[in-house]
Amino acid sequence: MLLNKRAERLFVWIFFPLALLMPMFLEQNEYYVNKLTTIMILSIFVMSLDYLVGKCGLITLGHAMFYGLGGYIFVMIAPEYEAVNFWIYTFYICAISATVAFVIGFLVLRTNGIYMIMITLAFAQMTFYYFSDSIDFGGTDGVFVYVKPETSIFGLSLFDLDNPTHFYYLCLFSLFNTLLFFKVLIRSRFGRLVDAIHENPGRTVALGYNIFIYRLVSYVVASALGAYAGYLFTLQYGFVNPSMLSWTTSGTALVMSILGGMGSIYGAILGTLVYEGLHYSLEHLTEHWLLFMGGLIILMVMVFKKGIAGFLEDLLEKRDGK
Amino acid sequence: MENNVILETEGLCKYWGGLKALDDLSLAFHDNQLHGIVGPNGAGKSTLLNMLCGHYKPTSGKILHRGESISSIKPYEFARRGIGRSFQKTNIYSNSTCLENCSVAVQRLMGGSFNFFRSRYSQKMLDEIATQALEKVGLGQRRDHIASQISYGEQRQLEIAMVLATSPEVLLLDEPMAGMGHEESQLIIDLLSRLKKEYCIVLVEHDMDAIFELSDQLTVMVDGQHLVTGSVDEVRDDPRVKEAYLGQGDEVY
Amino acid sequence: MDSTLFIVQLINGLQYGLLLFLIASGLTLVFGVMGILNLAHGSMFMVGAYLAWYFVQQTGSFAFSAVISAVIALLIGFLVERTLIRQLYRRNHLDQVLLTIGMIFVFNALQGLLWGNDPLGVDVPQALSASIPLAGIIEYPVYRIFVAVFCVVVAGVMYYVISKTRLGMLIRAGESNREMVECLGIDISRLYTIVFAIGVMLSAVAGVVAAPISSIVPGMGEHILITCFVVVVIGGMGSIKGAFIGALMVGLVDTFASVLVPELSSMMIYIFMAFILLLKPQGLFSS
């Protein structure tokens, strides 16, 4: 079975039907539709990070690099005043960012532990400064996207990216596919190796596997998906700027992933929802929401280690036990 | 009948800084034989095994596999050449089932490790080979147990099963009986006496009774140096061995 | 580049490198002895700079502000170690990263709460505000030379403490073998508290001395933290000597890059780091 935990099945069966119906309730309120769309996009990003950190054991603080690259690659290769095809550019962006990830991963994955954390961060900062200083890419202001891509396949245009509800469904569809993709991947033969390498790298080498290659493949896949999320974000808001690449984006995504339950994949959605929900409500209450957020993170590390997914699983298990 | 030499070392040395962990060791390991290695603590036995499986690189000297030097190949390539090892400290995937532990080992031979979409449970043959490996060490009935929940002795057996599942030619076993009770040790001894008919086994072990019972060839090492190699009887009667062990209160034999 | 400009850049680079060493040494010391990666290390640099500004506003004396800021930093270090960091010793890297990210959020929020988000500045202390002529036409500010000399003195004191004193012996022992120190019957938790508090203080002191020559802005901590990462990655994590060499290299590369290749200047140290990593994945002086 693809969804092997009860909490996971429960969540998927509640979340996706609700998310499908949501725009009907929010028809008159575009603000919330946009907010939810952003949460879907962030969830894809956090999920790809969760796979890397929680499933592969590769702790990176530079994942935002690919999130930002998704947007920047688009403005680099797409003509400014002409609608390009969404699907073709999705392919381009994933392919280019995968190539970048291959090169960076080659350097980064030679190291491990603390070193890897620092080096991934340093590379992300490098791209951050590159785009912040670059006149061609608008420096810290970034670049605007004036024309959104069209979405026709074989001449058949199914939806319109300028329509927030359509865009919402595109992101929901992407999120569902990302979840499905990771679930299938984890159950696959490749996934067996991912688990083995995460649990006991030394033993896996002794069994004759070149673990570097497996890690590199995982890194490339997760980075390409992170870039896809960044591409969606750029299309939603019509701009890309260096803050997408900043270390806070990586750090926040890591916090969301932990909050949801590291390595649970579906927890990425939970973590993003709860974090963004808290962020939104605290921001409305006080200007110094960061203080509460910081306190919350510290508290979480201290007492709430398995995240929401772990908490739900324990809860359901306990109930079954009775 | 002379058995083929599978694995050889030529003037093998390993220095840690100024410390000689292993000094000029030349040994030959034969097919279908069990080659025991004994010596007091710090004699360099584990260092030797770690080099034979590619975990450490020699400071100087050569390791030959079927006459070909393999000193410079990558650690994972040793296993691909059929040199499998078990570790001194139990080294398994403790959160997975016993079957899954062996499946990881089998999968390298079956291929598909880069297949993202095919379920890891889809192939009967992979399951069967993994199960066979478990049955070979007598863990057939533990197939679906989580590795961390079986007994310590069984975990040691599982480790041997994992090595067997890679279809090796050479088994490097680092104290497989360490920390075991008498009955559990007997199980491993029986297992090894069966296995040595099929494989080239290098066994490092502290249990002298076991090693005397099992070894076809026996090497004694002291302080990183080779002392004597021969049949069990030759070694037992060698005066140098007695001298080396004198005063080693814990090594009674 | 003519020779005068070259000399000025050389001094600038060395001075910046020495300042980086002051911060990076604390980071690497805490990691080497305690195995903790403190991402909030840069935040203490920021705290130092803001404290200096605050006390100069209140008292007008830079020297007094420097001392009181250092003492406050030491106290913060002590408290943070006793309440939070202590929980992390037996946890993995990920927990360390998260907890210290949480700390960055808190420090940044407190900075906004107490001092606002407008850029601030501290005047160079009167006694050091002169400039000395350098190679005829160009004048070089005395304060920058003071900063360099101060950092060299601190480096010297650190070298003395680590190689000659009992505390230094414990630090060296703790770096190579944690269990051994415990076996020797030494109260390792006290050693950790001291090392952490000193590491944090070094970072804050760097913030204080940097205050008159840089603008005090939110986010300055993160910027310097990441530069220090580059320093310790190049030098080798946990090695004080590596931090020293790495800091000087980064200081020089950064300074000369801004003159020679201005369009890539802020990227240059990362390119340099990538180059070093290709040659030595564990840094220049890793153990």
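## A predicted model with chains A, B and C

With 322 residues, chain A would have a radius of gyration near 20 Å if it were a compact globule, and the value for chain A is 20 Å, which agrees. The model described here is a predicted one, and the values below are computed from it, apart from those said to come from a record.

**Chain A.** The secondary structure of chain A comprises 13 helices and four strands. Taken along the principal axes, the box filled by its C-alpha atoms is roughly 55 × 45 × 45 Å. Of the 322 residues in chain A, 51% are buried. When contacts between residues at least 6 apart in sequence are considered, 78% of those in chain A join residues that are at least 24 apart.

**How the chains meet.** Two pairs of chains touch, and of these the pair formed by chains A and C has the most contacts. Chain B and chain C, by comparison, are joined by no contact, and their closest C-alpha atoms lie 12 Å apart. In the contact between chains A and B, 26 residues come from chain B and 21 residues from chain A. On the side of chain B that touches chain A, α2 (75-80) and α3 (98-110) of chain B each supply at least two residues, and α3(B) gives the most, with five residues. Sorted by class, that side of chain B has 12 nonpolar, nine polar and five charged residues.

**Strands of chain B.** Several strands of chain B can be followed through their pairings, which are set out in the table.

| Strand pair in chain B | Sense | Bridges |
|---|---|---|
| β1 (residues 5-16) and β2 (residues 19-25) | antiparallel | four bridges |
| β4 (residues 34-38) and β10 | parallel | four bridges |
| β10 and β11 (residues 225-230) | antiparallel | five bridges |

Strand β10(B), at residues 217-222, is mostly covered, since five of its six residues are buried. In its pairing with β4(B), Q217(B) of β10(B) stands opposite H35(B), while in its pairing with β11(B) the bridge partner of V222(B) is Q225(B). The strands β10(B) and β11(B) form a hairpin with two residues between them, and D223(B) in the turn has a positive phi of about 50 degrees. Another hairpin, also with two residues between its strands, is formed by β1(B) and β2(B), where G17(B) in the turn has a positive phi of about 60 degrees. In this hairpin, Y15(B) stands opposite K20(B) in β2(B).

**Helices of chain C.** An unreviewed UniProt entry places the feature "transmembrane region" at several stretches of chain C, including residues 97-115, 142-162 and 256-279. In the model, residues 97-115 of chain C are 100% helix and 0% strand, with end C-alpha atoms 26 Å apart. Residues 256-279 of chain C are 83% helix and 0% strand, and here the end C-alpha atoms are 22 Å apart.

Helix α5 of chain C covers residues 142-164, and because a helix is expected to rise 1.5 Å a residue, its 23 residues should span 33 Å; the end C-alpha atoms are 32 Å apart, which agrees. What are the buried residues of α5(C)? They are Y143(C), V147(C), C151(C) and M158(C). These buried residues of α5(C) pack against α1 (3-34), β2 (138-141), α8 (188-210) and α10 (240-260) of chain C.

Conventions. Residues numbered from 1 in each chain as written. Chains lettered and ligands numbered in written order. Predicted model: local features only at pLDDT ≥ 70, side-chain atom pairs only at ≥ 80, totals over all residues. Rg over C-alpha atoms; globule rule 2.2 N^0.38 Å. Buried ≥ 20, exposed ≤ 12 C-beta atoms within 10 Å, placed from the backbone. Contact = placed C-beta atoms within 7 Å. Nonpolar A, V, L, I, M, F, W, Y, C, P; charged D, E, K, R; others polar. UniProt positions renumbered as here; feature names shortened; annotations may be inferred. Pairing = 2+ DSSP bridges. Expected span 1.5 Å × (residues − 1).
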